[in-house]
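Please walk me through this structure, beginning with how one of its elements is packed and moving on from there to the rest of the chain.

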Amino acid sequence: PAFYSLIVCPGCGYTAYHDDFDDLTEDERASLWTSHEERMAQLTHSLCGLRSPEDAILATDLALTCYAQRRPNERRRAVLLHRRAWAERERGDTTAEQQYLAAAREAYQAAFENDSAISDESAVRAAYLIGELWLRLGDPVQAARWLETATRVQDDKAHAGLVRDRK
């Protein structure tokens, strides 16, 4: 399923999640159109049919490029980098996997610490993923800190949510 979570336009190479595919401002459309030839040069064949692991990587890379040209969104970037790490794990490239896991961790952490629009549920998920990624990257002390953060919620159900520690 991860191979097909991104839609790739065969006409311009614009790539995004289904929920974001049509949600473009005119400025974003114009910006994306100016770079469509670069994306099309990467598309040696259509990604509309069955996708190989390499096709899924290409779709992810195209999405990273497209999202960077749109409104910057660290949460989307983090998820895409995380998926890219999974693809590298599947290919057996441990070095690349570790690099993408570290980049995903940094993006999740930036979203957790700086995104004022992040919901409490998303913040808990981000803190958990940051902890999990620290663990995968070999730092159990940082992992424990973030996993503890993910479990801390206020007692008052009316104000239930994550208590974010910005130290």
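In this predicted model, the buried residues of helix H8 pack against H6 and H7. The buried set in H8 is made up of Ala 143, Trp 146, Thr 149 and Ala 150. These residues lie on the same side of H8, because the arc they cover around the axis is only 125°. Pro 140, Val 141 and Thr 151 are exposed, and the face that carries them is turned away from the buried side of H8. The helix has twelve residues, and the distance from its first C-alpha to its last is 16 Å, close to the 16 Å expected at 1.5 Å a residue.

Ala 144 also belongs to H8. Its relative accessible area is 43%, so Ala 144 counts as partly exposed. Its C-alpha is 8.9 Å from that of Glu 132, a residue twelve places away in sequence.

Helix H6 is one of the two partners of the buried residues of H8. It has 21 residues and spans 30 Å between its first and last C-alpha, close to the 30 Å expected at 1.5 Å a residue. Ten names make up its buried list: Ala 96, Glu 97, Leu 101, Ala 102, Ala 104, Arg 105, Ala 107, Tyr 108, Ala 111 and Phe 112. The buried residues of H6 pack against H5, H7 and H8.

Two of these residues, Tyr 108 and Phe 112, recur in the largest nonpolar core, which has 38 residues; together with Tyr 14 and Leu 80 they touch the most other members. Strands S1 (6–8) and S2 (15–17) each give two or more residues to this core, as do helices H4 (53–69), H5 (74–91), H6 (94–114), H7 (120–136) and H8 (140–151). In soluble globular proteins, nonpolar side chains tend to be buried together. Which residues does Tyr 108 contact, leaving aside its neighbours within four places in sequence? They are Ala 78, Val 79, His 82, Ala 126, Leu 129, Ile 130 and Leu 133.

Charged residues are found among the buried positions as well. Arg 105 of H6 is one of them; its relative accessibility is 11%, and it therefore counts as buried, the limit being under 20%. The side chain of Arg 105 meets that of Glu 106 in a salt bridge, with 3.7 Å from N to O.

The structure holds twelve salt bridges. Another of them joins the side chains of Glu 88 and Arg 84 at 2.2 Å, N to O. These two residues are four apart in helix H5, so about one helical turn separates them. Glu 88 is buried, with a relative accessible area of 4%, and Arg 84 is buried too, at 7% relative accessibility. Both residues take part in a network of salt bridges that also links Asp 61 and Arg 91.

A further salt bridge is formed by the side chains of Glu 28 and Arg 70, at 3.7 Å from N to O. This pair links distant parts of the chain: Glu 28 is in helix H2 (residues 26–34) and Arg 70 is in the loop between H4 and H5, with their positions 42 residues apart in sequence. Glu 28 and Arg 70 are both buried.

How many disulfides does the structure hold? It holds zero disulfides. For Cys 48, the closest cysteine sulfur is that of Cys 9, and no bond is possible because the two sulfurs are 8.0 Å apart, too far for one. Cys 48 is exposed, at 54% relative accessibility. Cys 66 is in no disulfide either, since the nearest cysteine sulfur, in Cys 12, is 7.3 Å away, whereas a disulfide needs sulfur atoms within 2.5 Å. Cys 66 is buried, with a relative accessible area of 0%.

The chain as a whole can now be described. It contains eight helices and two strands, and read along the sequence they follow the pattern β-β-α-α-α-α-α-α-α-α. The C-alpha trace spans about 50 × 40 × 25 Å along its principal axes. The chain has 167 residues, of which 40% count as buried. Among contacts between residues at least 6 apart in sequence, 57% join residues at least 24 apart.

Definitions and conventions
Residues numbered from 1 in each chain as written. Predicted model: local features only at pLDDT ≥ 70, side-chain atom pairs only at ≥ 80, totals over all residues. Heavy atoms only, no water. Core = buried A, V, L, I, M, F, W, Y, C linked by side-chain atoms within 4.5 Å. Buried < 20%, exposed > 50% of the residue type's maximum accessible area, 1.4 Å probe, protein only. Contact = heavy atoms within 4.5 Å. Salt bridge = Lys/Arg side-chain N within 4 Å of Asp/Glu carboxyl O. Expected span 1.5 Å × (residues − 1). Arc of directions from axis to C-beta.
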